[in-house]
Amino acid sequence: METILLLAHTEPDGSLAKPALECLTAALALGGPLTVGLVGARVEAAASQIAGCGAARFLAVTGEPFSQPRYSTDAAAAEALCRAAGAAIVMAPSTSRWARALPGVAYRLGGRVDTHATNVAAENGAPVVTRWFYRQRMEAVLSRRDRPWLILLDSGCFAPWNEPSGPAGTAAVEPVTVAAPETRTTVTGIQAPQSDEQTIRPDARLLFVAGAGWTKKQFDGAVHAAEAETLILGFLRAAQASLGGSKSLVDLSGEGEAVLRFMTHLNQVGQTGSTPRHPQGLSTCCHGEEPHVVGWRFVNQRRAINLDANCGWARGKADVLYVADAFEVMRHLNRLLAA
Ligand SMILES: Cc1cc2nc3c(=O)[nH]c(=O)nc-3n(C[C@H](O)[C@H](O)[C@H](O)COP(=O)(O)OP(=O)(O)OC[C@H]3O[C@@H](n4cnc5c(N)ncnc54)[C@H](O)[C@@H]3O)c2cc1C
């Protein structure tokens, strides 16, 4: 196998996050000589975290300018690490930082980049990369002659690397010096919603999908959007589930109709939305049309609640369809969870 460089940036606490550890598992599975390239304000903790992984070298670009996600500094650091390692294959987790910076780095190096890889495997001493095309409808296995070949690996496809039991090791880290490029952006702080207000939770066991039915007239001829909000948010908090939405529901806000205020286009699942990976999914008040269900490709067990026994889910798209009123079911479920 050819030489491999694994690129990883540290988190604010100096450690490596799960996507980086998953990418390490993938890089090790390829079997080539491995160099780890770390980027961050300080990288000692990250290097110790994976000291026992069997990498031949640990390189690092460190310093305050490299602590923040920013194209110019991330690209400069990655480019310097690629040149210092001289590896034919460069692997990195598909974090927002690397997804933004690495295509430009591939261009600077005269190499090629592939994004959204879901698997890498060794074939005749070189890697082959699996990725999906046309919104997850076709799966392709690619090989390339161009080098360096940069590969951005999607998270959730490999188990995170685990330190073998025993005392934590230390790695000898070789510094790579990079003059930080001039930047116009100064990061003064981060404003983010409280973590329990986040509705998109990629690591949750359950994906809860809300469809447009939640905002439609119900048996009594009235719309119950306020109760829908309470039921959905109550369930999400109790089950720590991730929230998805159908396109019809997330589009409603632009049409001046009754809306769920916490639902945005970021929640949309489907052909023109996201394709999340959760072990289980529960769809509510959503018809289960193909452009929506195609986003459920990687959800292992699918259940749906719909009043309509003839909805799309009934046609082989769900493992279990509850023909029931989702308001009633969720009220009951929330009572059970509260108890
Ligand atoms: C090019 C293209 C791309 C698209 N991409 C996407 C995409 O990425 N994602 C996506 O979601 N859609 C996408 N769509 C739209 C998709 O075809 C559907 O129109 C959409 O998914 C329908 O949303 P829905 O099921 O929430 O709403 P509706 O079709 O209005 O269904 C509402 C459902 O709620 C049920 N219901 C109502 N009240 C209750 C209740 N009390 N209890 C239980 N059930 C109840 C009804 O029986 C009904 O089945 C795309 C379409 C096109 C043409």
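## A tour of the ligand site and two loops

Start at Lys216: an N or O atom of the Lys216 side chain sits 2.8 Å from an oxygen atom of the ligand. Keep in mind as you click around that this is a predicted model.

Leave the ligand on screen and select Thr272 next. A polar atom of the Thr272 side chain is 2.7 Å from a nitrogen atom of the ligand. Then add Glu289, where a side-chain N or O atom lies 2.9 Å from an oxygen atom of the ligand. How much of the ligand does the protein cover? On its own the ligand has 990 Å² of accessible area, and the protein covers 77% of it.

Now widen the selection to everything around the ligand. You should pick up 28 residues, and the closest of them are Ala212, Gln218, Ser246, His287 and Asn306. Colour this shell by residue type and you get 10 nonpolar, 13 polar and five charged residues.

Switch on a pocket view, if your viewer has one. Rolling a probe the size of a water molecule over the atoms shows where empty space is left. Which pocket holds the ligand? The ligand sits in the second largest one. To see what frames the ligand, turn on the cartoon: helix H6 (247–251), helix H7 (290–293), strand S13 (301–306) and helix H8 (326–338) are the elements that each give two or more residues to the shell.

Hide the ligand and look at the pocket itself. The second largest pocket holds about 480 Å³ of space. Its lining is made up of 26 residues, with Ala212, Ser246, Cys285, Cys286 and His287 the closest to the pocket centre. The elements that supply two or more residues to this lining are H6, H7 and S13. By type, the lining splits into nine nonpolar, 12 polar and five charged residues.

Two backbone stops remain. Most residues other than glycine have a negative phi, and most peptide bonds are trans.

Select Arg147 and Pro148 together. The peptide bond that joins Arg147 and Pro148 is cis, with omega at about -5 degrees. Pro148 is found in the loop between strand S7 (138–142) and strand S8 (149–153).

Finish at Asn124, in the loop between strand S5 (112–123) and strand S6 (126–133). Is phi of Asn124 positive or negative? Phi of Asn124 is positive, near 50 degrees, and this residue is not a glycine.

Key
Residues are numbered from 1 along each chain as its sequence is written. This is a predicted model: local features need pLDDT of at least 70, side-chain atom pairs count only at pLDDT 80 or more; totals for chains, interfaces and linings use all residues. Side-chain values use heavy atoms; hydrogens and water are left out. A residue is near a molecule or strand if one of its heavy atoms lies within 4 Å of it. A polar contact is a pair of N or O atoms within 3.5 Å; within protein, one must be able to donate a hydrogen and the other to accept it, and residues adjacent in sequence count only if both atoms are side-chain atoms. Accessible areas come from the Shrake-Rupley method with a 1.4 Å probe; for residues, only the protein chains shown count as cover. On a 1 Å grid over the protein atoms alone, a cavity is a set of points where a 1.4 Å probe fits but cannot get out, and a pocket is an open set with protein on both sides within 12 Å along at least five of seven lines; lining residues have an atom within 4 Å of a point. A molecule sits in a cavity or pocket if more than half of its atoms lie within 2 Å of its grid points. Helices (H or I, at least four residues) and strands (E, at least two) are DSSP runs, numbered from the N terminus. Ala, Val, Leu, Ile, Met, Phe, Trp, Tyr, Cys and Pro count as nonpolar, Asp, Glu, Lys and Arg as charged, and the others, Gly among them, as polar. Grid points are joined across faces, edges and corners, and a volume is the space filled by probe spheres set on the points.
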